[in-house]
Amino acid sequence: MAGTENSQKSFGWAATDTSGLLFPFHFSRRENGSDDVTIKILYCGVCHSDLHSVKNEWGFTNYPIVPGHEIVGLVTKTGSDVKTFKVGDRVGVGVIVGSCKTCDICQQDLENYCPKVIFTYNSKDQDGTKTYGGYSDIIVVDQRFVLRIPDNLSSGACAPLLCAGITVYSPMKYYGMTEPGKHLGVAGLGGLGHVAVKFGKAFGLKVTVISTSPKKESEAINRLGADSFLVSSDPAQLKAAMGTMDFIIDTIAAVHPLAPLLGLLKMNGKLVTVGLPDKPLELPIFPLVLGRKLVGGSDIGGMKETQEMLDFCGKHNIIADIEMIRIDYINTAFERLAKSDVRYRFVIDVANTLASN
Amino acid sequence: MAKSPETEHPVKAFGWAARDPSAHFSPFNFSRRATGERDVQVKVLYCGVCHSDLHMAKNEWGLTQYPIVPGHEITGIVTEVGNKVEKFKVGDKVGVGCMVGSCRECDQCTNDLENYCSNFILTYSSRYTDGTVTYGGYSDTIVADEHFVIRWPENLPLDAGAPLLCAGITTYSPLRYYGLDKPGLHIGVVGLGGLGHVAVKFAKAFGSKVTVISTSINKKKEAIERLGADSFLVSRDQEAMQAAAGTLDGIIDTVSASHPLLPLISLLKPHGKIVVVGAPEKPLELPVFPIIIGRKVIGGSAIGGIKETQEMIDFAAKHNILPDVEIIPIDYINTAMDRLLKSDVKYRFVIDIAKSLKPE
């Protein structure tokens with residue numbers, strides 16, 4: 001029977017079909033191994049990927065699925081080979097819980113690009129069992145994939161950093177978007193976008209939010225600290241901003257035109273896409289060639305870099321803007337998320353609201 | 001009253017031009033400006049035939065000013081220099097490539113990236129600072145600002161070397177910029193024409209393993225035996241493409257026609273890069289998942305700045321890198337264009353201007 005393959009009882013909420021509706025679900029976790037840490041989950045962020053996955057929008061969901069990969073909790077057990085964590089520590093778990101650990105890629109601290117990477121949910125673990133995510137009471141994770149949370153960051157509000165945070169931090173470093181004074185465009189103002197604005201400001205960049213909703217302007221400037229706001233559906237605004245940006249982080253999850261965004265870039269500008277539309281985008285080649293521009297991708301980050309990102313957030317007091325919810329609100333939360341009706345991440349108060357029957 | 005091409009400048013010039021999008025070339029009398037204080041006057045000896053010459057002659061990009069005298073892979077000898085010219089003297093061997101002017105003040109120009117200046121002036125079919133149309137190298141002389149003239153190394157042949165001035169820089173620059181010039185990398189070259197065959201030579205000179213990717217198995221022998229490629233992939237051979245998945249650090253894509261990117265993206269290792277130097281008119285489909293999952297990059301590149309063009313020419317001379325050319329007389333140009341359209345040339349036509357271009 002699904003979910004009984006391991007020995008530690010666990011309880012969470014799962015989706016069982018493409019309706020994506022979640023219900024209480026009993027399952028099991030493995031025994032805490034010598035390299036493992038068992039974590040009592042306090043909070044779990046609701047990532048848009050969770051929504052795509054519960055509805056099987058990408059075609060590889062293996063039901064039942066317990067999503068959640070922005071997990072903050074407390075260590076309750078440590079394996080005999082675990083030296084860096086002790087019981088009571090406040091820790092985080094992000095998008096990956098395993099990799100081969102030995103290949104070139106893993107040795108370069110890029111576990112997220114390892115061909116044998118194991119995702120926090122909906123993946124096959126090393127023992128062949130399915131991984132279940134953070135919409136649950138406990139999780140057992142190899143210590144290499146557990147992160148320390150800086151003391152000064154509140155647990156609920158830093159949970160989204162474990163996916164949204166690293167997803168924008170990593171490409172900002174890799175593609176060189178950290179030189180003070182440069183101009184960053186952030187396309188899309190949701191979970192990823194709002195964190196990108198905060199990081200951009202912390203790196204000393206000028207930040208322009210690019211959005212289709214004029215309503216978000218006041219928030220972007222007054223609350224998030226963006227320097228300016230561009231309504232991408234307004235041709236006059238787009239034209240005035242052409243050739244002004246050194247970089248763009250494109251967080252838009254839906255299919256959208258790239259041509260206007262490429263036009264906003266200066267020569268040698270870089271557009272990095274981190275949103276995951278379910279169909280291909282149209283890429284006009286002339287602007288790339290004539291302006292030596294590039295389009296690149298990025299996928300979360302390795303464990304070392306994720307820790308670096310959290311420490312950076314601790315230093316600069318960066319947390320996500322969240323709406324705390326009860327676990328039994330999750331289906332409504334998903335409906336609202338589909339309409340981008342959240343500022344800017346839901347976080348499930350797991351410890352206080354997830355009760356086993 | 002508007003001056004005619006023959007009278008707008010004081011120095012008589014002769015070339016072959018196309019007068020309309022039929023792209024049929026025929027003799028054309030025009031004129032060149034007097035040699036200004038920073039100008040260099042060049043007697044043209046050879047001029048490469050670039051595919052852009054054909055695109056422009058047919059006005060495929062909507063930019064053409066007729067009559068058009070194309071040609072931007074020009075080699076020749078200096079015949080006159082302006083009184084403030086410092087880099088050249090009469091008798092020097094020189095080259096002129098794709099640009100003859102830029103604003104010289106913007107961020108791009110001051111960083112030796114004149115090719116990305118928003119006011120750059122192309123060697124042909126562009127408007128010069130004096131308002132006249134520029135004419136290219138299918139002609140007997142050219143006058144250019146010394147900044148845009150390339151010193152020609154002694155040991156580099158003027159005929160076979162001419163195509164380096166466009167095809168060469170177009171492939172050299174992105175190999176450098178995108179970090180694909182380190183020894184031991186595995187580089188793919190898509191398309192084996194003027195650009196592709198030079199890309200193979202540069203990549204080998206940088207110490208890379210090179211795989212040519214082509215739609216046609218016919219080019220395999222040439223690619224391996226003549227050009228020195230290490231392997232050859234037929235892009236329609238799904239099994240071979242799958243077997244080669246994740247093996248390339250970089251790909252130089254020279255194909256101008258519309259083509260699918262996904263098979264090329266799959267050939268890249270994680271963090272690999274595709275550089276597009278061909279110019280398909282319509283957008284290509286970009287599958288986003290593989291770009292994100294593998295942190296891959298698709299970038300473009302267009303020729304190179306003057307400093308880098310000089311560096312490339314010197315590099316080619318040092319490493320004996322020469323395009324493979326078919327030398328033709330000027331009156332073969334219409335046939336050459338027909339053959340170019342069918343990719344029937346190994347791999348660049350070069351017009352022997354000095355021997356074959358005679359005023360009527």
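This is a short tour of a predicted model, with stops at a chain interface, a domain interface and several salt bridges.

**Stop 1: chain A against chain B**

Start by colouring the two chains separately and selecting the residues where they touch. Here 35 residues of chain A are in contact with 34 residues of chain B. The area buried between chain A and chain B is about 3,100 Å², and carbon and sulfur atoms give 69% of that. How many salt bridges are counted between chain A and chain B? The count is zero. Polar contacts do appear across this interface: the rule finds six residue pairs, both members at pLDDT 80 or more.

Now keep only the chain A side in view. The elements that give two or more residues to it are helix H4 (164-174), strand S14 (265-273), strand S15 (281-283), helix H9 (285-291) and strand S16 (294-297) of chain A. Try highlighting H9(A) next, since this helix gives the most to the side that touches chain B, with six residues. If you colour that side by residue class, you will find 23 nonpolar, eight polar and four charged residues.

**Stop 2: the two domains of chain B**

Hide chain A and select two groups in chain B. According to the domain assignment, domain 1 covers 11-166 + 304-356, and domain 2 covers 168-300. Their C-alpha centres lie 27 Å apart. The contact between them takes 19 residues from domain 1 of chain B and 21 residues from domain 2 of chain B.

The area buried between these two domains is about 1,900 Å², with 58% from carbon and sulfur atoms. Three salt bridges are counted between domain 1 and domain 2 of chain B. For a salt bridge to display as sticks, pick B:Lys201 and B:Asp324, whose side chains meet at 2.7 Å, N to O. Across this domain interface there are 13 residue pairs in polar contact, both at pLDDT 80 or more.

Which element gives the largest share of the domain 1 side? Select helix H10 (residues 306-318) of chain B, which contributes five residues. By class, the domain 1 side that touches domain 2 of chain B has 10 nonpolar, three polar and six charged residues.

While still in chain B, zoom to B:Arg33 and B:Asp39. They form a salt bridge with the closest N and O atoms 2.8 Å apart, and both residues are buried.

**Stop 3: salt bridges in chain A**

Bring chain A back. Over all chains, the whole structure has 37 salt bridges. Select A:Lys201 and A:Asp227, a salt bridge whose closest N and O atoms are 2.8 Å apart. A:Lys201 sits in helix H5 (residues 191-202) of chain A and A:Asp227 in the loop between helix H6 (217-223) and strand S12 (228-231), so the pair ties together parts that are 26 residues apart in sequence. A:Lys201 is partly exposed at 31% relative accessible area, and A:Asp227 is partly exposed at 37%.

Move on to A:Glu219 and A:Arg343, a salt bridge with closest N and O atoms 3.3 Å apart. Because A:Glu219 lies in helix H6 of chain A and A:Arg343 in the loop between helix H11 (330-338) and strand S18 (345-349), this pair ties together parts that are 124 residues apart in sequence. Is each partner buried or partly exposed? A:Glu219 counts as buried, at 15% relative accessibility, whereas A:Arg343 is partly exposed at 44%.

For the last selection, show A:Lys198, A:Glu219, A:Arg223, A:Asp321 and A:Arg343 together: salt bridges that share partners join these residues into one network.

Conventions. Residues numbered from 1 in each chain as written. Chains lettered and ligands numbered in written order. Predicted model: local features only at pLDDT ≥ 70, side-chain atom pairs only at ≥ 80, totals over all residues. Heavy atoms only, no water. Domains from an automatic or database assignment. Contact = heavy atoms within 4.5 Å. Buried area = accessible area lost by both parts, 1.4 Å probe. Salt bridge = Lys/Arg side-chain N within 4 Å of Asp/Glu carboxyl O. Polar contact = N/O pair within 3.5 Å; in protein donor to acceptor, adjacent residues only side chain to side chain. Helix = DSSP H or I, 4+ residues; strand = E, 2+ residues; numbered from the N terminus. Nonpolar A, V, L, I, M, F, W, Y, C, P; charged D, E, K, R; others polar. Buried < 20%, exposed > 50% of the residue type's maximum accessible area, 1.4 Å probe, protein only.
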